[in-house]
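Work through the exercises below with the sequence and the structure open. Try each task before reading its solution.

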Amino acid sequence: MTGMDDTSEVRIEPTGVHPVVRRPVIEVEDVWKTYRTGSLEVDALRGVSCSIDTGEYVAIMGPSGSGKSTLMHILGCLDVPTSGTYRLAGDDVSTMVEEELAHVRNRRIGFVFQQFNLLSSLDAARNVELPLLYAGASRPERRRRAVEALERVGLGDRIDHRPGELSGGQQQRVAVARALVTDPDLILADEPTGNLDSVSARDVMALLDELHVSGRTIVLITHDADVADAAGRSLRIFDGQFAGADAPMAEAR
Amino acid sequence: MNLVETFRTGLEAVVSHRMRSTLTVLGIMIGITAVILTVGLGEGAQQQVGSEISALGSNLLTVTPGSTTTSSGIRGGFGSASTLTVGDAAALTSKVVAPDVNAVAPATSSSESLVAGTSNWTTSVVGTDPSWLTVRGRSMTEGRFIVSHDVATRAEVVVLGATTAQELFGFRDPVGQSVDIAGQPMSVIGVLNTVGSSSSSSTVANPDDQAVVPLTTASALLFGGSSRNSVSQILIQATSSGTLSAAYQESDAELLSLHRITTTSGADFTITSEQQILSTATSVDRTLTVLLGGIAGISLLVGGIGVMNIMLVSVTERIREIGLRKALGATPRVIRRQFLVEASVLGTVGGVLGALLGIVGALVLPHLISNPITVSPVAAVGAIAIAIAIGIVFGVYPAGRAAKLPPIDALRSE
């Protein structure tokens, strides 16, 4: 827990101020994930290792069933590896308990899901405020930062619209704002354009590009090669292992 | 996340899921209303019987012929034995023999047909003396009661209860009119006050429906019988409720010696106090309350199962929401607290609305069904507590389970 002390208070510095010094945000070493269904054991991940630096824009590609979703869940601390270690910004999260994982998800990771996952009963600003609510920020501060984040994704005029009153592209931009609002170490986007028409998809990809340019670390999971091209580096996963697993990072960098 | 924020989040969820919240509240509300009304009906019946019995006269002892013992059944036999006489009653009026007795009224009664013009009405005709009015704790609304002179002269006069007068004469003034009792024309001299009567409880005869005649007139002209001096009961009023048992002892001893009986078990009469009647009647009504309470409990249980269903379904529906909240940093504890607030709010709102509806029902229903309903604060508070407990148990338990799911499983669920 020592490494987490510096993030235990709510960070309020403006978004986009990140150190230029590159250090790994993600360090994955020999991670296995085994699912058990009855007597049947399925290895979804079979010894995955990788390292992603601060400020990188990485796409993880693979067909369905390749294990890319499982990897994304582990990277997002939504699931824990069966074996192996995963360090997020220097802290080993593979040994953390539920409460600590919730804390890590809250402060260090911003999620963008394929299905947007906005709460339909809350307006855009309140949806963006949610992570700050669980971080314990005060109401005025939550509001201020949510509005800031929505302005950043170009939805400053939609703050009191509910998800039902927004287009798919706009909803995904609200989700991006929600991912940004806690100023996380990592933005994880799982097929962010999967449910969008091509115009909205381009819109959202441009937004991610912009965030990358301003210094964010972004990991994008997709099966679409065109989408993956936007990233600075692509990791291909197949049958639970990175393709060319011998030294995937060295060449790609 | 502090308590105010937790409360606000829970409250928002209640408001935003209108249909679910309404159904849950409705389920709890109906259960609570049922409990309050059924328990209220039972208690109302108990109180009614109590007030009816006290209307019979206060600090009252009733002596009847014959006695029952556990070993040999009925002794002397009701009706057959005319063991009580006017003389017994006269002896008890002595302040030396029975200092704690305030008044004594011998009485004999029979069901007779009363005819006035074209109306006829069958009611209980009581033959007694002037002290009956004191002993029974009654008064006159009109005319006068029987006086000693009437008893001495076997006057052919009658005093009617309010209901009896109404049945025979409608809205005409009965005083001065003539009534035929068992074929004997009698003159109406007065009408008794109304004590309020029961339509529902059959435990006590209606005190507003009777006709009172002088004892001598009754035995000589109306009822006949072998002994003109025998009476069917002697009513004794103690000087106060504190002396009731002393009056009982004195009367018992005096009657035993008058009847030359040496053992208490050989008594040919029985003395009952109004408390005994009251306790019998109350125990009957208590059984009724338990029965109604049982029905209410079952309706609450059924309501609770309904609420449980709605809660379970709604938590299942919201597993994705729980998963999302967890992905965004909510700990299982925060999730459980949010659902605890939601469930308590639903339970409290349902309970309070149910209690209000129950109270309104208790005020309105007696006008429609003629049964009194007493709202018991204990039942109301207890029912609300149960409502909250139902909400919490059935709302928080499934939410607690959902909160424990790995966030990704929750997010994936459809």
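Three exercises on this predicted model follow.

**Exercise 1.** Find how many residues each chain gives to the contact between chain A and chain B, and describe the side of chain B.

Solution.
1. Count by chain: chain A gives 19 residues and chain B gives 16 residues.
2. Look for the helices on the side of chain B that touches chain A: H1 (3-16), H10 (319-327), H11 (332-369) and H13 (407-412) each supply at least two residues.
3. Pick out the main contributor: H10(B) gives the most, with four residues.
4. Sort this side of chain B by class: 10 residues are nonpolar, three are polar and three are charged.

**Exercise 2.** Decide how far helix H3 (residues 124-135) of chain A is covered, and name what its buried residues pack against.

Solution.
1. A residue counts as buried if 20 or more other C-beta atoms lie within 10 Å of its own.
2. By this test, 11 of the 12 residues of H3(A) are buried, including Val128(A), Leu130(A) and Tyr134(A).
3. Within chain A, the buried residues pack against H2 (98-108), H4 (139-152) and H5 (168-180).
4. From chain B, H1 and H11 also pack against them.
5. Just after the helix, Gly136(A) has a positive phi of about 90°.

**Exercise 3.** Which strands of chain B pair with strand S4 (residues 101-116)?

Solution.
1. S5 (residues 119-128) is joined to S4(B) by 10 bridges and runs antiparallel; Thr108(B) stands opposite Gly127(B).
2. These two strands form a hairpin with two residues between them, and Gly117(B) in the turn has a positive phi of about 60°.
3. S11 (residues 233-238) is antiparallel to S4(B), with six bridges; Ala107(B) has Gln233(B) as its bridge partner.
4. S8 (residues 178-181) pairs antiparallel with S4(B) over two bridges, and Val115(B) is partnered by Asp180(B).

Key
Residues are numbered from 1 along each chain as its sequence is written. Chains are lettered from A and ligands numbered from 1 in the order in which they are written. This is a predicted model: local features need pLDDT of at least 70, side-chain atom pairs count only at pLDDT 80 or more; totals for chains, interfaces and linings use all residues. Two residues are in contact if their C-beta atoms, placed from the backbone, lie within 7 Å. Ala, Val, Leu, Ile, Met, Phe, Trp, Tyr, Cys and Pro count as nonpolar, Asp, Glu, Lys and Arg as charged, and the others, Gly among them, as polar. Two strands pair if DSSP finds at least two bridges between them.
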